[in-house]
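Reader: I am a first-year student and I am learning to read protein models. Could you please take me through one part of this structure closely, namely its aromatic rings, and then place that part within the rest of the chain?

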Amino acid sequence: MKKTTLFFCLMITQSDLFGQHLPDNARVKWGNEMHFTKKMTPSEVVASDQSGYYLMKEGYAQESRHSQTLLYLEKFDRNLQYVKSVDLSHQNLPGNPRFVQLVSWGQQLWLFYTADPKNNGAVGLYRVAVDSESLLPAGISHLVMEIKSQAANIGWGITGTATLPLFQFYPVPEKNKLLIIQADGGLKTREKQVDLLVVDQQFCTIWKREATIKSSSDALEIVHALLDSEGNAHLLSKSMPNRIGLAALFKREKYYYSLHSITDNGIHLLHKEINLKEAQINAAAIQVDQEGHLYFGGFYTTDATATKGSGGTYFLKLVGTTQAVIQQKMESFDATFLTRGLSEGRAKRKSRKLDQGKKVEDSYFFLDRIFVRNDGSVTFVGEDRQGIGTSSRSKSANSRVRSEVNFHCYYGSIVLVDFSPNGERKWAEKIAKHQQSSNDFGGYFSYSVSMINDNLYFVFNDNVNNSGYNGGKVERFSPRGFKEHMMTFARVNRAGTIERSSFATKHNRNMMTITSVNIQTDDYEMVVYGQHKKKYRLARLEFDPKVLAAE
């Protein structure tokens with residue numbers, strides 16, 4: 001009897017820790033339960049190494065991680081058991097330090113921060129080693145990159161919001177190269193200065209370059225940057241006229257995207273403006289492959305109104321070292337794609353317009369990632385996202401006028417478009433979802449994506465009533481009302497087949513995730529965040545290396 005009882009107890013423990021089996025023999029291992037508080041909310045897994053995972057926390061309503069001094073760091077071991085936490089803002093790093101990034105590089109954890117040491121050094125980006133056991137800074141700080149112009153530290157971006165000096169990090173571990181980019185927020189005479197630095201694992205300089213990025217309009221920002229396998233840097237910039245007056249709201253806003261490639265160890269700088277003439281690219285991204293090809297992708301519109309949609313896709317493949325065009329394709333969305341994920345009534349109305357020969361576009365899509373699979377095929381991944389600001393005025397009992405501004409975000413379907421290596425579009429799909437956010441930090445919305453074994457895996461918050469979804473209208477997810485929460489796990493293979501399942505533990509099915517925490521930590525491993533009411537856990541997803549994506 002005692003053996004039987006022990007057996008069932010072990011089975012219950014196994015079920016609680018490992019949860020259920022997911023598609024492709026993926027296994028879920030849940031860590032220990034932690035208490036959730038808005039004062040210190042999990043934000044992202046900023047690094048991982050052989051000893052465990054490093055989780056960054058920040059205030060629930062904090063606008064930007066760069067607005068804090070230094071991060072609050074929490075460590076979990078490889079079994080996702082809590083180890084310890086440290087508030088690095090209480091450490092004695094000189095010069096009013098502000099957190100930039102935590103990077104595991106050269107078998108060492110490094111904290112990057114900006115500081116102004118006054119008489120003891122230059123204003124710039126610094127790095128210091130972090131001990132993986134104590135989580136405290138170890139050794140002395142080193143200057144990585146100097147911030148040259150204090151006047152350009154704060155500027156105004158295309159969105160009309162203040163922008164700080166932007167540091168971006170792009171490691172290529174298999175080539176032992178790390179790209180660090182600084183782009184200030186200022187714009188001088190339609191050009192922006194960008195500093196690029198490529199280092200090895202000992203932080204010895206391989207090459208560095210100050211590049212001048214030209215703008216064909218009044219505003220300019222760096223959208224994306226990366227380092228290819230040969231050590232060439234590629235930047236994507238976006239420029240558009242500044243909005244002036246109400247009249248500009250009713251005119252077509254013309255975006256200009258440009259590619260900038262720094263090749264031959266920083267010697268040559270190439271520029272290429274993307275201009276579709278009769279169409280406008282609303283959202284774009286870039287990617288490279290192991291053969292040195294550079295990919296540019298975007299969703300375009302031919303609508304001349306201020307409320308733009310997405311009418312189709314633009315695919316561009318170039319030689320990375322010369323920007324010579326290999327292939328380019330432009331193709332509109334078909335009726336099947338345009339009506340997917342809609343309620344029956346909305347689908348019929350859109351189909352009727354198409355039958356009448358009217359021009360119909362889909363929602364405004366953001367292009368978030370471009371993936372290149374092992375067979376050379378390319379997949380665009382984006383999302384239907386919209387933001388609306390509303391204001392209201394009311395009188396209080398003492399006749400004072402009170403103004404209130406609310407910001408609402410809508411996060412719709414995930415969009416996937418797949419191309420052959422030569423740019424022929426093979427399929428376009430949507431993973432239907434419906435999320436809405438109002439006046440919060442937005443952490444429970446949008447999605448996370450990883451590519452493992454040539455399959456794409458998505459994690460996002462969903463309504464439990466969408467379990468078993470196979471078309472039509474989707475129910476809305478809201479952080480309120482935990483009884484309707486569900487963490488959806490969706491797989492998309494190379495053929496575009498979508499398979500939806502959900503995360504659960506033995507005790508909780510109604511869970512939700514903070515999207516920014518979810519991350520791919522290894523070739524066959526993901527870490528995800530699961531929360532139920534005021535408790536949360538981290539989970540590790542382990543994938544079978546032998547399970548390849550279906551043709």
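Author: The account below begins with the chain as a whole, turns to the aromatic rings, and then visits several individual residues.

The model is a predicted one. Its protein chain has 551 residues, and 50% of them are buried. The secondary structure consists of three helices and 37 strands. Among contacts in the chain with a separation of 6 or more, 53% join residues that are 24 or more positions apart. The chain exposes about 26300 Å², and 49% of that area is supplied by carbon and sulfur atoms.

We may now turn to the rings. The count of aromatic pairs comes to 24. One of them is formed by Phe112 and Phe203, with 6.2 Å from centre to centre and 55° between the planes, an arrangement classed as tilted. This pair links distant parts of the chain, for its two members are 91 residues apart. Phe112 belongs to strand E9 (residues 109–115), whereas Phe203 is in the loop between strand E16 (191–199) and strand E17 (205–214).

Are these two residues buried or exposed? Phe112 counts as buried because its relative accessibility is 0%. Phe203 also counts as buried, because its value of 13% is under the 20% cut-off.

Phe203 has a further partner, since the charged end of Arg127 sits over the ring of Phe203, 4.0 Å from its centre. A second arrangement of this kind involves Lys430, whose charged end sits over the ring of Phe337 at 4.7 Å from the ring centre.

The residue that follows Phe203 in number, Cys204, is partly exposed, with a relative accessible area of 42%. Another cysteine, Cys409, is buried, at 17%. The count of disulfides in the model is zero. In general, a disulfide is a covalent bond between the sulfur atoms of two cysteines.

Ring pairs also build a cluster, which is made up of Trp30, Tyr457, Phe489, Phe503 and Phe543. Where does Phe503 lie? Phe503 is in the loop between strand E34 (498–502) and strand E35 (519–522). Phe503 is classed as buried because its relative accessible area is 0%. Another member of the cluster, Phe489, is 14 residues away from Phe503 along the chain, and the C-alpha atoms of the two are separated by 6.8 Å.

With the rings described, some other residues can be set beside them. Ser43 is part of strand E4 (residues 41–49). Its relative accessibility is 9%, so Ser43 counts as buried. Apart from its neighbours within four places in sequence, Ser43 is in contact with Met56, Lys57, Glu58, Ser516 and Val517.

Glu475 is found in the loop between strand E32 (455–463) and strand E33 (485–492). Glu475 is partly exposed, because its relative accessible area of 37% falls between the limits of 20% and 50%. Which residues does Glu475 contact, if neighbours within four places in sequence are left aside? They are His434, Asp462, Asn463, Asn465 and Asn466. Ala432 is 43 residues from Glu475 along the chain, yet their C-alpha atoms are separated by 9.8 Å.

Two loop residues deserve attention for their backbone angles. Leu135 has a positive phi, near 65°, in a residue other than glycine. Leu135 lies in the loop between strand E10 (124–130) and strand E11 (137–146), and it is buried, with a relative accessible area of 0%. Lys533 is not a glycine either, and its phi is positive at about 55°. The loop that holds Lys533 runs between strand E36 (525–532) and strand E37 (535–542). Lys533 is partly exposed, with a relative accessible area of 46%.

Finally, one helix may be examined. Helix H3 (residues 344–355) has twelve residues, and its first and last C-alpha atoms are 16 Å apart, close to the 16 Å expected at 1.5 Å a residue. As a general point, an α-helix has 3.6 residues a turn, so residues three or four places apart point the same way. After H3 comes Gly357, with a positive phi near 80°.

To return to your request, the pair of Phe112 and Phe203 joins distant parts of the chain, while Phe503 takes its place in a cluster of rings.

Key
Residues are numbered from 1 along each chain as its sequence is written. This is a predicted model: local features need pLDDT of at least 70, side-chain atom pairs count only at pLDDT 80 or more; totals for chains, interfaces and linings use all residues. Side-chain values use heavy atoms; hydrogens and water are left out. Helices (H or I, at least four residues) and strands (E, at least two) are DSSP runs, numbered from the N terminus. Buried means under 20% relative accessible area, exposed over 50%, partly exposed in between (1.4 Å probe, protein chains only). Contact means heavy atoms within 4.5 Å. Accessible areas come from the Shrake-Rupley method with a 1.4 Å probe; for residues, only the protein chains shown count as cover. The expected span of a helix is 1.5 Å times one less than its number of residues. Rings of Phe, Tyr and Trp (its six-membered ring) pair if their centres lie within 6.5 Å; planes under 30 degrees apart count as stacked, over 60 as edge-to-face and the rest as tilted. A charge sits over a ring if NZ of Lys or CZ of Arg is within 6 Å of the ring centre and within 35 degrees of the ring normal. A disulfide is a pair of cysteine sulfur atoms within 2.5 Å.
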